[in-house]
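Q: Could you take me on a close look at one part of this model? I would like to see how that part is packed, and then what lies around it.

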Amino acid sequence: MNNKIFASGDEALALGVRLAKPQVIAAYPITPQTITVERLADYVEDGSLKTEYMYVESEHSAMAACIGASAMGARTFTATSSQGLLYMCECLHYASGSRFPIVMMNANRSTATPWNIYGDQRDSLSQLDTGWIQLYVENGQEALDTVIQAYRIAENPEVMTPVMVNLDGFVLTHTYELVDLPEQASVDKYIPYKDYPNKMDLDNPMSTCITAGPAWNTEFRYQQHCAIMNSAEAINEADKEFEALFGRSYGGMVENYLCDDANAIIVTLGSVAGTTRIVVDDLRAKGYKVGLLKLRCIRPFPKDELKKILGNSKVVGVLEKDISFGYEGAVFTEVNSALSTLDKMPKTYNFIAGLGGRNISKNDIKEAFEKIIAYGNNNENASNLEFVKLGCEEYGN
Amino acid sequence: MAINARNMTNKELFYGHKACGGCAASLTIRWTLKVFGERTIAVVPPNCMSTVGFIFPHMTFGCNAIIPPFAATAAVMSGILASAKAQGLEDYHVVGFAGDGGTADIGLQALSGAIDRNDKITYICYDNEAYMNTGIQKSGLTPYGTKTTNTPAGKNIHGSMSSKKNMFEIMAAHDITYAATVSVGYPEDMLKKLEKAKNAPGPSYIHVFAPCPTGWGVESDTTIEIGKEAVDCGLWYLAEYENGEFTLNKNPKDFSSIEDYLKKQSRFSHLDAADIDEITVQRDKKWEKIRKNWVR
């Protein structure tokens, strides 16, 4: 039976959501997420998805509706991007604090101002402290598969934490590829509906989203922290079990691509990992010992995996579509923090690229590898942060 | 048989909380839950009632209850409803209890959305005419002339200078299934309308005039009396919107004294004769419209 469908990233994700069968979907449109919510409406129309499809009036209400629906025990889904994600920020903390296993797609897009609808990761990376698990995908197939995995992770009783599945705006959301559709029966087995332990039950009433003063607050927060730490195992388990059922695996929290003997490694996340992989192959063919470490999640942060995989490399470059103004790329900070606990830390270099949708070409990545190899060999104290293809005069660091 | 003060249940679903003496908001929740029953999911945004009712580990609701984000009372209600529908649950009521600020200011967008979706929820606005939980600041439902902690009664600021947003008619403009105004000073009318809201096939909205002795500067045993007097002097009215029509439920022949009503509350103690004249003019204009359009 042919289960291949030609789909954009948004559509692939919607196909994954249909297979996951959320009982409530709260939808509000924002570019470049719109195709996902349009397709889901089509599925409701053609009867292939049975769900309460809610037409909410804002992203704040989209997440609030998911909070209400999840609190009442239903599997939920919503999707957003950029300003929408920022508008629902308050509700992100809310959902994670009361441990609602909501799954959300975020189409990574630049944040205003200046206005820009194209892809970068400043939206989701600015939300690392909201208590959400954050997953990033490389292509449409991974988007489809990961949103299914997301429910298994979120609803794991040891986790019970919302999950955000991030895919790059336009580069992924609007790019078509052939995706393989898993069998519904197997997906049902992979993510059976669960009775949430924290749901409001009409026969056994409770209060939820409560107040906890100084005497209790730390304990609630500690448990929340433990849950996300526990999700590391759940993410790896979800990927292994997915492979057993569907024959595809993404490495769990990270993908190690030719890093074991590499002396120069680029760490990145999202669609640019695909381009980087090709550049690694090209450079390997020329004899360079280079590798790619793809981050599939940034919360929880795969600290141990990074230490193990990057620990023997001479130099590590972090390529990210983000800048935390006044410091450096947010991912760079995370990677440095993890590596700083090694006895001998590799040298690290930060590439800020792809802001507002600027293309990151193979050549850009090749030059990035060349730069870090030179930087690794250079003992001078040079700057280690660079805006790739900066078109204006550089100021002193 | 309709629920009234004599036959209403003795079962309490909101008790043991830390609200002030004479709090009409807590009375509103108490009465409402007596009408709606144990299979209610109460949605109470950050306000006095959630502050006094959900302090871990001391929970005070006898039914399911949730604090939604401040701006999202009605959106969380909609989500609960969608969830219950999706799971095929039966015999339940989703009821929100938001204050005047939580309704007419920060919660208005979500409320509008829920009514637009025609969700069968009951949204109760307990209107104590200011942000009481944060220490008595002006809201969109604070009446003209009110002294609050951010509208002081001095030379440059003479209390709150805007008049109350008309929430009841804003709800009617959505062509909501059922909307009503009530006052805790007229409990029989209030219970009757709560029951109508409970049985309405679509969204319903009840706007409760709910005195706050702490914020208004009156004795805590005068809540009911003040609630009644507000209606009697014409500064509040009892009305319904149903099947696209307005109905006035109480049409006083003569109003009691506005000045007596205002002067016993310290929030109005600074008002002079000109202010009271202005308030009287506003009242008369309002009642002219009400009598012209809502009395058949």
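A: Happily, and a proline makes a good way in: Pro114(A) sits in the loop that runs between strand E5 (103-108) and helix H6 (122-125) of chain A (helices, H or I with at least four residues, and strands, E with at least two, are DSSP runs numbered from the N terminus). The model is predicted, with pLDDT of at least 70 needed for local features and 80 or more for side-chain atom pairs, while totals for chains, interfaces and linings use all residues. Residues are numbered from 1 along each chain as its sequence is written, with chains lettered from A and ligands numbered from 1 in the order written.

The bond leading into Pro114(A) deserves a look of its own: the peptide bond from Thr113(A) is cis, with omega near -5°. Chain A has another cis peptide bond between Arg299(A) and Pro300(A), where omega is about 0°. Pro300(A) also belongs to a loop, this one between strand E13 (297-299) and helix H11 (303-310) of chain A.

From here, please turn to helix H5 (residues 89-97) of chain A, the part I would look at most closely. Its buried residues are Cys91(A), Leu92(A), Tyr94(A), Ala95(A) and Ser96(A) (buried: 20 or more other C-beta atoms, placed from the backbone, within 10 Å of the residue's own; exposed: 12 or fewer; partly exposed: in between). The cover over these residues of H5(A) includes H3 and helix H9 (217-246) of chain A. After H5(A) comes Arg99(A), which has a positive phi near 60°.

Helix H3 (residues 59-71) of chain A can be followed along H5(A): the two axes come within 8 Å and cross at roughly 15° (axes are lines fitted to C-alpha atoms, for helices over the stretch in contact, and angles run from 0 to 180 degrees between N-to-C directions). H3(A) and H5(A) are therefore roughly parallel to each other (under 35 degrees is roughly parallel, over 145 roughly antiparallel, 65 to 115 roughly perpendicular, the rest oblique). On the H3(A) side, the residues making the contact are His60(A), Met63(A), Ala64(A), Cys66(A) and Ile67(A), and on the H5(A) side they are Cys91(A), Leu92(A), Tyr94(A) and Ala95(A) (contact: C-beta atoms, placed from the backbone, within 7 Å). Sorted by class, this contact of H3(A) with H5(A) holds eight nonpolar residues, one polar residue and no charged ones (Ala, Val, Leu, Ile, Met, Phe, Trp, Tyr, Cys and Pro are nonpolar; Asp, Glu, Lys and Arg charged; the others, Gly among them, polar).

H3(A) and H5(A) also take part in the meeting of the two chains. Here 37 residues of chain A touch 36 residues of chain B. On the chain A side, strand E2 (24-27), strand E3 (52-55), H3, H5 and strand E9 (207-208) each supply at least two residues. H3(A) gives the most to that side, with nine residues. By class, the chain A side that touches chain B splits into 23 nonpolar, eleven polar and three charged residues.

Two further backbone details in chain A are worth a stop. Ser82(A) is not a glycine, yet its phi is positive at about 45°. Ser82(A) lies in helix H4 (residues 82-87) of chain A, and it counts as buried because it has 29 C-beta neighbours inside 10 Å. Cys209(A), likewise a residue other than glycine, has a positive phi near 55°. Cys209(A) is in the loop between E9 and H9 of chain A, and with 23 C-beta neighbours inside 10 Å it counts as buried.

That loop brings us to H9(A), which also packs with helix H7 (residues 140-154) of chain A; the axes of H7(A) and H9(A) come within 9 Å and cross at roughly 130°. H7(A) and H9(A) are therefore oblique to each other. H7(A) brings Asp145(A), Gln149(A), Arg152(A) and Ile153(A) to meet Ser231(A), Ala234(A), Ile235(A), Ala238(A), Asp239(A) and Phe242(A) of H9(A). In the contact of H7(A) with H9(A), five residues are nonpolar, two are polar and three are charged.

Finally, a glance across at the partner. Chain B has eleven helices and ten strands. Its C-alpha atoms fill a box of roughly 60 × 50 × 40 Å along the principal axes. Of the 296 residues of chain B, 53% count as buried. Among the contacts in chain B with a separation of 6 or more, 68% are between residues 24 or more positions apart.
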